[in-house]
Amino acid sequence: MKPAGIALDSIWPTELRTERLLLRPVTPEDADVVRELLTDERVRTYLGGPALPERVAARQAAYPQTPGVWAIVRVADGRTVGLAGIGADPRCEGRAEVSYQLLPSAWGGGLGREAVGAIVGWWTAAVPDGGPVVAVTQAANARSRRLLESLGMVLIDELDEHGSQQCVYTPGGDHDDSDLRWLRLTASHLDEVERRRGAQARATAAGQRLPEDRTALTAEEAARLCPAHHGTYGRICAHAAGHTPALHLGRAPDGAWIAWLENFAA
Ligand SMILES: CC(C)(COP(=O)(O)OP(=O)(O)OC[C@H]1O[C@@H](n2cnc3c(N)ncnc32)[C@H](O)[C@@H]1OP(=O)(O)O)[C@@H](O)C(=O)NCCC(=O)NCCS
């Protein structure tokens, strides 16, 4: 499995066509639509609110240069009605994340569903070594969740991010080669990554100061440890409280040192 970013670089630029849409790489001429999407209250309700001008300008400049970012063009009138993207999921090495947003005037007609369906289908078929794909959307974003569920995507995880509950969806399906199988593969891949990072973090000066056996700590020393507790693996951080960067060093159930990043906020 290749990292999503590398898999993308090898096949970008790509255009996708559906019955009513053309998805093509963003160009500098899309700057107005980019601004509209990033500043529209309705579009930004579940995306952290309207973006500030500096962020808009940065995105207008970056999107045409970024593999995996498409303008969604409605073929009937040639208008750009939204943006969609696929790229490395910063939460999980080896996993891709799809994102999408349409101007409110284009909502309610199934265009979002058509665009996301095309991207997910393309990624799975044309980028077989690109790893599993997920969509992450706020639990409160009912429209977006309906869209994903109408494509047969299934909820596989929930997490707290940017202060809100987020739902993680991946394509369902009962075939052996479904993305759910890939997801399981990624879980073991993630374990490898955490172990590699753990060994690296243990080798640092701060890592060296940690006792081999946490039970050897006095109550006072234990109280000074970072309170982070990461539910997925039930691992407890063994670093000192308030440490930076937020790279948590802990122990896997078999005793191996592991490390993971607390917050991948983009
Ligand atoms: C998320 C978002 C793209 C969903 O847009 P949408 O237009 O509601 O979603 P769809 O494209 O799936 O369209 C769904 C509606 O079209 C209808 N529809 C589906 N296919 C259709 C078709 N071929 N013709 C006509 N109508 C159709 C459905 O019945 C559905 O109606 P409903 O919402 O009343 O149930 C849009 O709300 C948005 O851009 N939001 C802001 C950005 C965002 O939150 N993105 C998600 C996080 S990355």
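A: Start with a definition. An angle under 35 degrees counts as roughly parallel, over 145 as roughly antiparallel, and 65 to 115 as roughly perpendicular; the rest are oblique. Keep in mind that this model is predicted.

Q: How do the axes of α2 and α3 cross, and at what angle?
A: The two axes come within 9 Å and cross at roughly 140°. The pair α2 and α3 is therefore oblique.

Q: Which hand does the crossing of α2 and α3 have?
A: It is right-handed. On the α2 side, A31, V34, R35, L38 and T39 make the contact. On the α3 side, V56, R59 and Q60 do so.

Q: Which residues of helix α2 are buried?
A: First, the general idea. An α-helix has 3.6 residues a turn, so residues three or four places apart point the same way. Now the case here. In α2, residues 31-39, the buried residues are V33, V34, L37 and L38. Viewed down the helix axis, they fall within an arc of 125°, so they line one face of α2.

Q: What do the buried residues of α2 pack against?
A: They pack against α3 (53-62), β4 and β5. The helix itself lies across β4 and β5, running at about 75° to β4.

Q: How many strands does the open sheet have, and what is their order?
A: The general idea: strands of a sheet pair through backbone hydrogen bonds, either parallel or antiparallel. Here the open sheet has eight strands, in the order β1-β2-β3-β4-β5-β6-β8-β7. Its pairing is mixed.

Q: Which are the edge strands?
A: They are β1 and β7 (153-161). Each of these two pairs on one side only.

Q: How many of the residues of strand β4 are buried?
A: Eight of the 10 residues of β4 (residues 79-88) are buried, so the strand is largely enclosed by the rest of the structure.

Q: In which sense do β3 and β4 pair, and over how many bridges?
A: Strand β3, residues 69-74, pairs with β4 in the antiparallel sense over six bridges. Read across the ladder: R74 has R79 as its bridge partner in β4. V73 stands opposite T80 of β4.

Q: How many residues lie between the strands in the hairpin of β3 and β4?
A: Four residues lie between them. In this hairpin, G78 takes a positive phi near 70°.

Q: How many bridges join β4 to β5?
A: Seven bridges join β4 to β5 (residues 96-102), and these strands run antiparallel. One position to check on screen is A84, whose bridge partner in β5 is Y100.

Q: Is I72 buried or exposed?
A: The general idea is a cut-off: buried means under 20% relative accessible area. I72 has 1% relative accessibility, so I72 counts as buried. This residue lies in strand β3.

Q: Which residues is I72 in contact with, leaving aside its neighbours within four places in sequence?
A: The list includes L21, L22 and L23, then R79, T80, V81, G82, L83 and A84. Also among them are Q101, L102 and A115. For a sense of distance, take I72 and G85: they are 13 residues apart in sequence and 9.9 Å apart in space, C-alpha to C-alpha.

Q: Is G108 buried or exposed?
A: The cut-off for exposed is over 50%. G108 has a relative accessible area of 74%, and counts as exposed. It lies in the loop between β5 and α4 (111-126). The C-alpha atoms of G108 and R143 are 9.1 Å apart, although 35 residues separate them along the chain.

Q: At what angle do α4 and α5 pack?
A: They pack at about 50°, with axes 10 Å apart. That makes α4 oblique to α5. The crossing is right-handed. G112, R113 and V116 of α4 meet L147, L148 and S150 of α5.

Q: Which strands does helix α5 lie across?
A: Helix α5, residues 142-150, lies across β5, β6 (133-138), β7 and β8 (164-171). It runs at about 155° to β6.

Q: Where is there a cis peptide bond?
A: It joins W12 and P13, with omega about 5°. P13 lies in the loop between α1 (4-9) and β1 (16-17).

Q: How many helices and strands are in the chain?
A: Eight helices and 12 strands. Of its 266 residues, 44% count as buried. Among contacts between residues at least 6 apart in sequence, 55% join residues at least 24 apart.

Key
Residues are numbered from 1 along each chain as its sequence is written. This is a predicted model: local features need pLDDT of at least 70, side-chain atom pairs count only at pLDDT 80 or more; totals for chains, interfaces and linings use all residues. Side-chain values use heavy atoms; hydrogens and water are left out. Buried means under 20% relative accessible area, exposed over 50%, partly exposed in between (1.4 Å probe, protein chains only). Two strands pair if DSSP finds at least two bridges between them. The arc is that of the directions from the helix axis to the C-beta atoms. Contact means heavy atoms within 4.5 Å. Axes are lines fitted to C-alpha atoms, for helices over the stretch in contact, and angles run from 0 to 180 degrees between N-to-C directions. A crossing is left-handed if the near helix is turned anticlockwise from the far one by less than a right angle, and right-handed if clockwise.
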